[in-house]
Amino acid sequence: MIRHLVLFKLNEGVERDDPRVVKGVEAFRALDGTIGEIRSWELGWNLSDRPIAYDFAINSAFDDVDALRTYVEHPDHQAGVALWGQFATWIIADYEF
């Protein structure tokens, strides 16, 4: 199995209730059940107020690298990426477990 972990940092001045952010969260929330390669899907806002903390996280799992690639290339995923690119930066870790 492959774990796909993504941590998002909202750009300076962007708040969680910004309509773009709300739409971005909804776009990623909708991927669960839409893309068949997803084996597990969790997402949510970070609760920590530490300065090194990121703001939002997606924790997902896939059977293998090919399934992850299919997910990454899926048009619905790409649409979500395009939304988030307007107001955030992110880091990714993909690893076997």
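Four strands form an open sheet in this predicted model, and their order across the sheet is β2-β3-β1-β4, with antiparallel pairing. The two edge strands are β2, residues 38–45, and β4; each of them pairs on one side only. From one strand to the next, the twist averages 10 degrees.

The order of the strands places β1 between β3 and β4, and the pairings of β1 can be taken one side at a time. On one side, β1 (residues 2–10) pairs with β3 (residues 56–62) in the antiparallel sense, over seven bridges. Two positions in β1 show how this pairing is set. Leu5 stands opposite Asn59 in β3, and Leu7 has Ala57 in β3 as its bridge partner. Going up the chain from Leu5 to Leu7 in β1 therefore means going down from Asn59 to Ala57 in β3, as the antiparallel sense of the pair requires.

How many bridges join β1 to β4? There are nine, and these two strands also run antiparallel. Leu5 appears again here, since Ala93 in β4 stands opposite this residue. Leu5 thus has Asn59 of β3 as one partner and Ala93 of β4 as another.

Helices are placed against these strands. Helix α1, residues 19–29, packs on the sheet and touches β1, β2 and β3. The direction of α1 makes about 160 degrees with that of β2. Helix α3, residues 75–84, lies across β1, β3 and β4, and runs at about 140 degrees to β4. Strands β1 and β3 are named for both helices, while β2 is on the list for α1 and β4 is on the list for α3.

Next comes the surface. Which residues make a nonpolar surface patch of about 310 Å²? They are Met1, Tyr95 and Phe97. Of these, Phe97 is found in the segment after β4, the strand that covers residues 88–96.

Finally, there is the database record. An unreviewed UniProt entry lists residues 2–95 as "domain: Stress-response A/B barrel". Over residues 2–95, the chain is 32% helix and 34% strand. The end C-alpha atoms of this stretch are 5 Å apart.

Conventions: Residues are numbered from 1 along each chain as its sequence is written. This is a predicted model: local features need pLDDT of at least 70, side-chain atom pairs count only at pLDDT 80 or more; totals for chains, interfaces and linings use all residues. Side-chain values use heavy atoms; hydrogens and water are left out. Patches are made of residues with over 30% relative accessible area and no salt bridge: like charges are joined within 9 Å, nonpolar side chains (Val, Leu, Ile, Met, Phe, Trp, Tyr) within 5 Å. Accessible areas come from the Shrake-Rupley method with a 1.4 Å probe; for residues, only the protein chains shown count as cover. A salt bridge is a side-chain nitrogen of Lys or Arg within 4 Å of a carboxyl oxygen of Asp or Glu. Axes are lines fitted to C-alpha atoms, for helices over the stretch in contact, and angles run from 0 to 180 degrees between N-to-C directions. Contact means heavy atoms within 4.5 Å. UniProt positions are given in the numbering used here, feature names are shortened, and annotations may be inferred rather than shown by experiment.
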